[in-house]
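Let's walk through one sheet of this predicted model, strand by strand. Have the structure open and follow along.

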Amino acid sequence: MINAKTNRVVANVLVDSRPRGAAFTPDGRFALVTAEIGSTLSIIDVRSHAVVGAITLQNGKGKPVGVAVSPDSRFAFVANGATNRVSVVDLRARREIAEIAVGRRPWGIAISRDGKSLYTANGGSNDISVIDVPSRRVRSTIKVGAKPWGIALSRQGG
């Protein structure tokens with residue numbers, strides 16, 4: 001972990017095998033780190049620099065890569081490239097509560113500012129899945145160029 005003001009390393013935190021993605025909860029309390037080989041999502045307390053939980057995804061078959069967090073810091077959404085699914089994790093209960101089928105090899109993932117829409121970049125099927133978060137269902141699929149691996153949302157507009 002790096003102090004952004006001093007540009008110095010303040011802590012090294014060990015997580016499971018092959019860390020791939022990281023996100024902070026909007027409230028700033030936790031950092032979430034996916035581990036592709038370990039099939040886990042680690043929860044790190046930002047103040048203490050300690051892992052306070054690790055959740056095994058999809059019974060150890062998840063291969064998690066990208067992670068996004070709901071605006072209220074309640075849920076994490078994890079792209080599981082190898083299983084073509086997104087895990088829904090209840091951060092209060094610290095457990096996986098649902099899976100959402102998306103395109104092939106989801107990697108990048110992002111959530112809208114209002115928390116109602118989730119997007120996955122599916123490199124194996126050359127498309128973007130648009131998920132309605134309240135219903136946990138794919139609302140639409142958008143064909144894009146070859147092998148999209150990342151996704152970014154603008155903070156402008158709705």
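Start where strand 11 meets strand 12: the two run antiparallel and are joined by five bridges. For a landmark in this pairing, find Ile111, which sits opposite Leu118 in strand 12.

Now step across to the other side of strand 12, which covers residues 117-122. Here strand 12 and strand 13 are linked by six bridges, again running antiparallel. Ala121 faces Ile128 of strand 13 across this pairing. The hairpin that these two strands form has four residues between the strands, and in it Asn126 adopts a positive phi near 55 degrees.

Keep hold of Ile128, since it shows up again on the next strand over: its bridge partner in strand 14 is Ile142. Strand 14 spans residues 137-143 and pairs with strand 13 in the antiparallel sense, over six bridges. This hairpin, too, has four residues between its strands, and here Arg136 is the one with a positive phi, near 60 degrees.

Put the pieces together and you get an open sheet of four strands in the order 11-12-13-14, with antiparallel pairing. Strand 11 (106-111) and strand 14 are the edges; each has a single partner strand, so one side of each lacks a neighbour in the sheet. On average, neighbouring strands of this sheet are turned by 20 degrees against each other, ignoring direction.

So how enclosed is strand 13, residues 127-132? Five of its six residues are buried, so the rest of the structure largely encloses this strand. Buried here means under 20% relative accessible area.

Notes:
Residues are numbered from 1 along each chain as its sequence is written. This is a predicted model: local features need pLDDT of at least 70, side-chain atom pairs count only at pLDDT 80 or more; totals for chains, interfaces and linings use all residues. Side-chain values use heavy atoms; hydrogens and water are left out. Buried means under 20% relative accessible area, exposed over 50%, partly exposed in between (1.4 Å probe, protein chains only). Two strands pair if DSSP finds at least two bridges between them. Axes are lines fitted to C-alpha atoms, for helices over the stretch in contact, and angles run from 0 to 180 degrees between N-to-C directions.
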